[in-house]
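Colleague: Got a minute to walk me through this one? I'd like to start with a sheet.

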Amino acid sequence: MKRHPTRLLRPTLACLLLVVASAFAAPAVAPLPRDSVYQLPLPLTDQHGRTMDWRQHRGQPQVVAMFYTSCKYVCPLIVDSGKAVEHALAPAEQAKLGILLISMDPKRDTPAALMAVAKQRRLDPAHWSLASPRADDVRSVAGVLGVRYRQLADGEFNHTTALLLLDRDGRIVARTEKVGSVVAPEFIAAVHRVLK
Amino acid sequence: MRRVAALLLALPVAAAIAGGAAWVKVPGGSFRTALKYEDGKGVPAKIASFAMQKRPVTNAEFLAFVQANPQWRRDRVATVFADARYLSHWAAPNTLRKDAQAAQPVVNVSWFAANAYCEARGARLPTWREWEYVAAADETRRDARKDPAWRERILGWYARPASGPLPRAGLQVPNAYGVQDMHGLVWEWTEDFSSLLVSGDNRVQGDADKQKYCGAGALSMDDRENYAVLMRVAMLSSLDARDTTSSLGFRCAKDIP
């Protein structure tokens, strides 16, 4: 008598496990397109100290730029660019876009340093991720994003600047090298398109 | 496959190919680059001792890498890592041409591919400074850069049209370090090629310097007579990491304890 319910339960449990498993597998992950920047494995540590691969952002369009926190000239303008993009969007659109700033100075850009910028510039943690790659990965991520840089003797960087728009699968769909509080209208138009 | 194997056996350097090019120990030293950095103030740089491959990586060696790492086949490679010309000189994604291609330096490789090859060997690409340091030598002197005859010889190579098949790698007389083909064969990737920010980049955007760069301005040439370096820098500074060209190859380097 005691065994009976157990026997009944077993297939039910198995069923349940199957359902759970298929729920996790449900959005069958399509292979990455060959022109996706996410082809590059890139663990990033963000302002909250969380480390995860940037593929975690797959599924959500991203505005991406490289920067570093101790930079005085261009990098504040990069933050301005991200904010300008946000302001150009309707609230419903804003919720669907991520803004990812990747440091070229992982040695100094610890989570605390990244968080200090996020707080000072009042960057909404729901949309903004400021993150450092591993030192060995900086040249590669700069390579897929088309950014050139050189560390100077005093620890500052010479670098080119680019604001990139990634679609859900990590394909670069727009790029501008003009940064600041006025973002090229074509770039904004591309953001609207990719969020549709 | 059999054809490639036969070619390999026919070569006197077959043993070297099987394991890749031999490594040459390059003793470190003080070195004044021909590049002028605003922040550098002309201070000679200290180059730490390192090892460098004796000659550029060949087609046969790169084929072995591609066979072991099929994600680097030209028909499978991620297009963010290599442009459409990647390995386009091979007969097929997995096959070299019939001629002596096996021993020629591999070209049409992107920075990402070159980097992956060296990483697979527990090595890395040389830095620009390391490359320039070794390339300053001629057959007898570690720094021949002031010799007009040496400069003329290198200029002569640039002046020759690039038609006809590439010579085999490793045929030239080794330089004072024991390294071959630093000049006169192919251009070569460096690990930090994208740190070469020539001020000419500004032409593209017409941006003010401060828009374009964080910090001080770009580099310029400290030694305008050094065409060898000038040409390399001009070429490397114009490339993206996924670009390939029919005259650009690479060799690996590694730290030594």
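**Sheets and helices**

Modeller: A:F67 stands opposite A:S103 in strand 4 of chain A. Strands here are DSSP runs (E, at least two residues) and helices are DSSP runs (H or I, at least four), numbered from the N terminus. This is a predicted model, where local features need pLDDT of at least 70, side-chain atom pairs count only at pLDDT 80 or more, and totals for chains, interfaces and linings use all residues. Residues are numbered from 1 along each chain as its sequence is written, and chains are lettered from A and ligands numbered from 1 in the order in which they are written.

Colleague: How many bridges link strand 3 and strand 4 of chain A?

Modeller: 6 bridges, in the parallel sense. Strand 3 covers residues 62-67 and strand 4 covers residues 98-103. Two strands pair if DSSP finds at least two bridges between them.

Colleague: What packs on the sheet there?

Modeller: Helix 2 (residues 74-87) of chain A. It touches strand 3, strand 4 and strand 8 (163-166) of chain A. Contact means C-beta atoms, placed from the backbone, within 7 Å. The direction of helix 2 makes about 170 degrees with that of strand 3 of chain A. Angles run from 0 to 180 degrees between N-to-C directions, with axes fitted to C-alpha atoms, for helices over the stretch in contact.

Colleague: And the strand order of the open sheet in chain A, what is it?

Modeller: 2-1-5-4-3-8-9, so 7 strands, with mixed pairing. Strand 2 (51-53) and strand 9 (172-176) of chain A stand at the edges. Each has a single partner strand, so one side of each has no neighbour in the sheet.

Colleague: What about strand 8 and strand 9 of chain A: parallel or antiparallel?

Modeller: Antiparallel, joined by 4 bridges. A:L165 stands opposite A:A174 in strand 9 of chain A. The two strands form a hairpin with 5 residues between them. In the turn, A:G170 has a positive phi of about 85 degrees.

Colleague: Switching to chain B. How many residues of helix 4 are buried?

Modeller: 7 of its 10, so helix 4 (residues 111-120) of chain B is mostly covered. Buried means 20 or more other C-beta atoms, placed from the backbone, within 10 Å of a residue's own; 12 or fewer is exposed, and in between is partly exposed. Among the buried ones are B:W111 and B:Y117.

Colleague: What covers them?

Modeller: The cover includes helix 5 (138-145) of chain A together with helix 3 (59-68) of chain B.

Key. Contact = placed C-beta atoms within 7 Å.
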